[in-house]
Structure formats: C-alpha cells, structure tokens
Amino acid sequence: MLQVNYRVGSVSETIVYPYLELCQSQYVYYTMSTPAGGFTTDTSLTLLVGTTDNTTVIITPTQNIIIPENSQDPNSSYISLKAGSSHVITLHCLQTFLFEASIVDLTGSKIVSDKPLTVMSGHQCAYVPYNVRYCEALSVNVPPTTAWGNEF
C-alpha cells in the first residue's frame with residue numbers, strides 16, 4: 001500500500017504498511033502533528049492500518065473528534081468523541097481507520113491495541129516553522145512506545 005499526499009506545490013510518498021511485531025500483549029502509540037495554521041481546511045490526521053484480523057483498538061483523542069460508531073459498517077452513524085474519552089473499535093488485516101480534526105492539534109492522542117498496527121500521523125498542511133507563509137503535507141510512521149529509544 002502506498003500513500004501519496006498532494007497539495008499545490010507539494011507531493012510526498014510514504015510506504016504505509018510497515019509495523020513492528022514485538023510479541024507484546026499491548027501496543028501503545030501516541031500521535032503527532034503540528035499546531036493548526038488557522039485555516040478551517042487545515043486538518044490533523046491519524047491513519048490506523050490493521051495488520052492482523054480481530055485487532056481491538058482503543059482510541060483516546062486529545063481533542064474532540066467525530067468518528068464512525070462502528071468501524072465494520074460502511075453506513076455507520078457518526079459519534080462525537082470528546083477529548084480524553086475512549087472508544088473501542090475492531091480492525092482486520094489491511095483495514096484502515098482514519099480520524100481527523102480541523103484547526104486543532106491531535107498530538108498526544110493515545111492508541112492502544114492488542115496486536116500491532118501501522119500508525120501514520122501528521123497534518124494535511126503543516127507550517128514548519130510555524131510562522132512561515134506556505135505549508136507542506138507532513139506524516140510519520142509512529143512506532144509503539146516499547147520501541148522508543150531503540151535503533152531500527
């Protein structure tokens with residue numbers, strides 16, 4: 001699977017399926033983004049990709065988000081998930097789940113799963129440094145916390 005971000009003046013590519021199998025009973029990930037640029041179209045994004053069938057995932061955002069109530073139903077109704085509240089979903093192998101929020105920074109949102117995931121996190125239009133005039137798409141593959149501080 002290949003992710004390609006395109007925005008006027010910006011194209012980037014990312015391989016989206018790498019993950020770490022660490023034989024853990026629990027995997028914890030924290031999202032990252034950048035401060036919002038102030039435009040209503042600026043969106044902080046996190047993409048979860050299942051690596052194994054029947055993966056239980058708990059999402060706890062740092063900001064209010066709106067997500068499908070049932071990750072298995074394409075016609076699911078949407079629910080508002082308040083900052084600090086948790087919602088449980090199930091993902092299967094190569095199934096994706098995207099959550100996003102406009103104008104706010106989702107950095108520090110917590111993802112906990114019972115099997116490894118691929119977690120891509122970033123911003124649709126990041127201003128780095130913050131006071132520059134133009135933005136670029138920004139995304140990073142987030143490793144689980146048990147892999148932090150290790151060499152890859």
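A pocket, as the term is used here, is an open set of grid points with protein on both sides within 12 Å along at least five of seven lines. In the predicted model described below, the second largest pocket has a volume of about 150 Å³. Its lining consists of Pro68, Asn70, Ser71, Asp73, Pro74, Ser76, Tyr78, Thr96, Phe97 and Leu98, a set that divides into 5 nonpolar, 4 polar and 1 charged residues. Among the elements of secondary structure, strand β9, which spans residues 96-102, makes the greatest contribution to this lining, with 3 residues.

The chain that carries this pocket contains 12 strands and 0 helices, and the order of elements along the sequence is accordingly written β-β-β-β-β-β-β-β-β-β-β-β. Of the contacts between residues at least 6 apart in sequence, 72% join residues that are at least 24 apart. Buried residues account for 39% of the 152 residues in the chain, while the accessible surface amounts to about 8300 Å², with 55% of that area belonging to carbon and sulfur atoms.

The largest nonpolar core comprises 18 residues, and those making the most contacts within it are Leu48, Val57, Ile59, Phe97, Phe99 and Ile111. At least two residues of this core are supplied by each of β3 (27-30), β5 (55-60), β6 (65-68), β8 (87-91), β9 and β11 (117-126), and β9 gives the most, with 3 residues. Strand β9 is thus named both as the leading contributor to the core and as the leading contributor to the lining of the second largest pocket. Phe97 likewise appears in both settings, being listed among the core residues with the most contacts and among the residues that line the pocket. When residues up to four places away in sequence are not counted, Phe97 touches Thr46, Leu47, Leu48, Ile59, Ile67, Pro68, Ser71, Ile89 and Leu91; in this list, Leu48 and Ile59 are also among the core residues with the most contacts, whereas Pro68 and Ser71 also belong to the pocket lining.

Threonine 96, another residue of the pocket lining, lies in strand β9 and is partly exposed, with a relative accessible area of 39%. Its contacts, again without residues up to four places away in sequence, are with Leu47, Leu48, Val49 and Leu91. Threonine 96 and glycine 50 are 46 residues apart in sequence, yet their C-alpha atoms are 6.4 Å apart in space. Valine 49, one of the residues that threonine 96 touches, is placed in strand β4 and counts as buried because its relative accessibility is 0%, which falls under the 20% limit for that class. The C-alpha atom of valine 49 is separated by 5.0 Å from that of threonine 118, although these two residues are 69 positions apart along the chain.

Two residues in loops were found to have a positive phi although neither is a glycine. Asparagine 54, with a phi of about 55 degrees, lies in the loop between β4 (43-50) and β5 and counts as partly exposed at 47% relative accessibility. Leucine 94, with a phi of about 70 degrees, lies in the loop between β8 and β9 and is partly exposed as well, its relative accessible area being 46%.

Threonine 55, in strand β5, is buried, with a relative accessible area of 0%. Leaving aside neighbours within four places in sequence, threonine 55 is in contact with Ile89, Thr90, Leu91, Ser113, Asp114, Lys115 and Leu117; of these partners, Ile89 and Leu91 are also touched by Phe97. The loop between β5 and β6 holds glutamine 63, which counts as partly exposed at 29% relative accessibility. Glutamine 63 touches Leu81, Ala83, Val104, Asp105 and Leu106, residues up to four places away in sequence not being counted. Of these partners, leucine 81 is 18 residues from glutamine 63 in sequence, and the C-alpha atoms of the two are 8.5 Å apart in space.

How values were computed
Residues are numbered from 1 along each chain as its sequence is written. This is a predicted model: local features need pLDDT of at least 70, side-chain atom pairs count only at pLDDT 80 or more; totals for chains, interfaces and linings use all residues. Side-chain values use heavy atoms; hydrogens and water are left out. On a 1 Å grid over the protein atoms alone, a cavity is a set of points where a 1.4 Å probe fits but cannot get out, and a pocket is an open set with protein on both sides within 12 Å along at least five of seven lines; lining residues have an atom within 4 Å of a point. Grid points are joined across faces, edges and corners, and a volume is the space filled by probe spheres set on the points. Helices (H or I, at least four residues) and strands (E, at least two) are DSSP runs, numbered from the N terminus. Ala, Val, Leu, Ile, Met, Phe, Trp, Tyr, Cys and Pro count as nonpolar, Asp, Glu, Lys and Arg as charged, and the others, Gly among them, as polar. Buried means under 20% relative accessible area, exposed over 50%, partly exposed in between (1.4 Å probe, protein chains only). Contact means heavy atoms within 4.5 Å. Accessible areas come from the Shrake-Rupley method with a 1.4 Å probe; for residues, only the protein chains shown count as cover. A nonpolar core is a set of buried Ala, Val, Leu, Ile, Met, Phe, Trp, Tyr and Cys residues joined through side-chain atoms within 4.5 Å.
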